Every structure is written in C-alpha cells, then in structure tokens.
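Q: Please examine one part of the model shown here in detail. I would like a connected account of that part and of how it relates to the rest of the chain.
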Amino acid sequence: MKVLAVIIIAPHMQASGAVNAALGLTHALRKKIAISVALMANEDSEVVENDVKVRKFKCSNYFGFTKSFLPN
C-alpha cells in the first residue's frame, strides 16, 4: 500500500509546529508503510528526508495580502 500525506499550510509560513509534527508522524509511519509527502511551499522542489520523499509544490494564497495586518 502506498500513502500520500498532504500538508496544507499558507505558503508564506516558513516553519510551523503542526508541519513539523506532521513530518515527524510521516517519518514514524515510514517504518511501516510506503509514504510520501506533498507540501504547499514557495518553491517547487523534491527532497528525500529520512527515506521519505517530500515534494514541495509552489502555490499562492488568495488571501496573502492579509498577512501584513492579520496574525498567522
């Protein structure tokens, strides 16, 4: 069985506790099943971290203009 974990986050966010937790869970699951990660990001890239393929997809946020005056 192959599993794809999708992490949805505002692309302007560089780090998040929720993203780190999701990646940690993915790495733990990798020991039992074949799993890959799709992650919203500012750039397109693909890396392998601890035997987990992490594919970052460049995307934009329609509400990105609010980041200057609304909290994350």
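The part in question is the hairpin formed by β3 and β4, and the account below moves from its setting to its turn, its charged side chains and its link with the core.

A: The model is a predicted one, and the hairpin is best placed within the whole chain before its details are taken up. The secondary structure comprises one helix and four strands, which follow one another from the N terminus in the order β-α-β-β-β. The C-alpha trace extends over about 45 × 20 × 20 Å along its principal axes. Of the 72 residues in the protein, 24% are buried. Among contacts with a separation of 6 or more, 41% join residues 24 or more positions apart.

Strand β3 covers residues 45–49 and pairs with β4 in the antiparallel sense, through five bridges. Strand β4 itself runs over residues 52–58. Two residues lie between the strands of this hairpin. Next to the turn, Glu49 has Val52 in β4 as its bridge partner.

The turn deserves attention for its backbone. Asn50 lies in the loop between β3 and β4 and has a positive phi of about 50°, although it is not a glycine. Asp51 lies in the loop between β3 and β4 as well, and its phi is near 65°, again a positive value in a residue other than glycine. As for solvent, Asn50 has a relative accessible area of 62% and is therefore classed as exposed, the cut-off being over 50%. Asp51 is likewise exposed, with a relative accessible area of 59%.

The hairpin also carries charged side chains that meet one another. Glu46, Lys53 and Arg55 are linked in a network of salt bridges, and the count of salt bridges comes to two. In one, the side chains of Glu46 and Lys53 meet at 4.0 Å, N to O. In the other, Arg55 is joined to Glu46, with the closest N and O atoms 3.8 Å apart. Glu46 thus takes part in the bridge with Lys53 and in the bridge with Arg55. The relative accessible area of Glu46 is 47%, so Glu46 counts as partly exposed rather than exposed, a class that requires over 50%. Lys53 is partly exposed at 39%, and Arg55 is partly exposed at 28%.

Other residues of the hairpin belong to the interior. In soluble globular proteins, nonpolar side chains tend to be buried together. Here the largest nonpolar core has ten residues, including Val52 and Val54. Strand β4 is one of the elements that give two or more residues to this core, along with β1 (2–7), α1 (17–29) and β2 (34–41). The most comes from β2, with three residues. Val54 shows how the hairpin is connected in two directions: leaving out residues up to four places away in sequence, Val54 touches Ser45, Glu46, Val47 and Glu49, and also touches Val37. Val37 is itself a member of the core.

Val52 leads towards the helix. Thr26, which is found in α1, is in contact with Val52, and with Ala5, Ile35 and Val37, when neighbours within four places in sequence are set aside. Thr26 is classed as buried because its relative accessible area of 5% falls under the 20% cut-off. Val52, Ala5, Ile35 and Val37 are members of the nonpolar core, so this threonine in α1 has a buried position in contact with core residues.

Beyond the hairpin, the chain continues into the segment after β4, where Phe65 is found. With a relative accessibility of 54%, Phe65 counts as exposed. A nonpolar patch on the surface is formed by Tyr62, Phe63, Phe65, Phe69 and Leu70, with about 650 Å² of accessible area together. For the protein as a whole, the accessible surface comes to about 5,300 Å², and 58% of it belongs to carbon and sulfur atoms.

To draw the picture together: the hairpin pairs β3 with β4 in the antiparallel sense, turns through Asn50, with its positive phi, links Glu46, Lys53 and Arg55 in a network of salt bridges, and supplies Val52 and Val54 to the nonpolar core.

How values were computed
Residues numbered from 1 in each chain as written. Predicted model: local features only at pLDDT ≥ 70, side-chain atom pairs only at ≥ 80, totals over all residues. Heavy atoms only, no water. Core = buried A, V, L, I, M, F, W, Y, C linked by side-chain atoms within 4.5 Å. Buried < 20%, exposed > 50% of the residue type's maximum accessible area, 1.4 Å probe, protein only. Contact = heavy atoms within 4.5 Å. Pairing = 2+ DSSP bridges. Patch = residues over 30% accessible without salt bridge, like charges linked within 9 Å, V, L, I, M, F, W, Y side chains within 5 Å. Areas by Shrake-Rupley, 256 points an atom, 1.4 Å probe, with all protein chains shown as cover.
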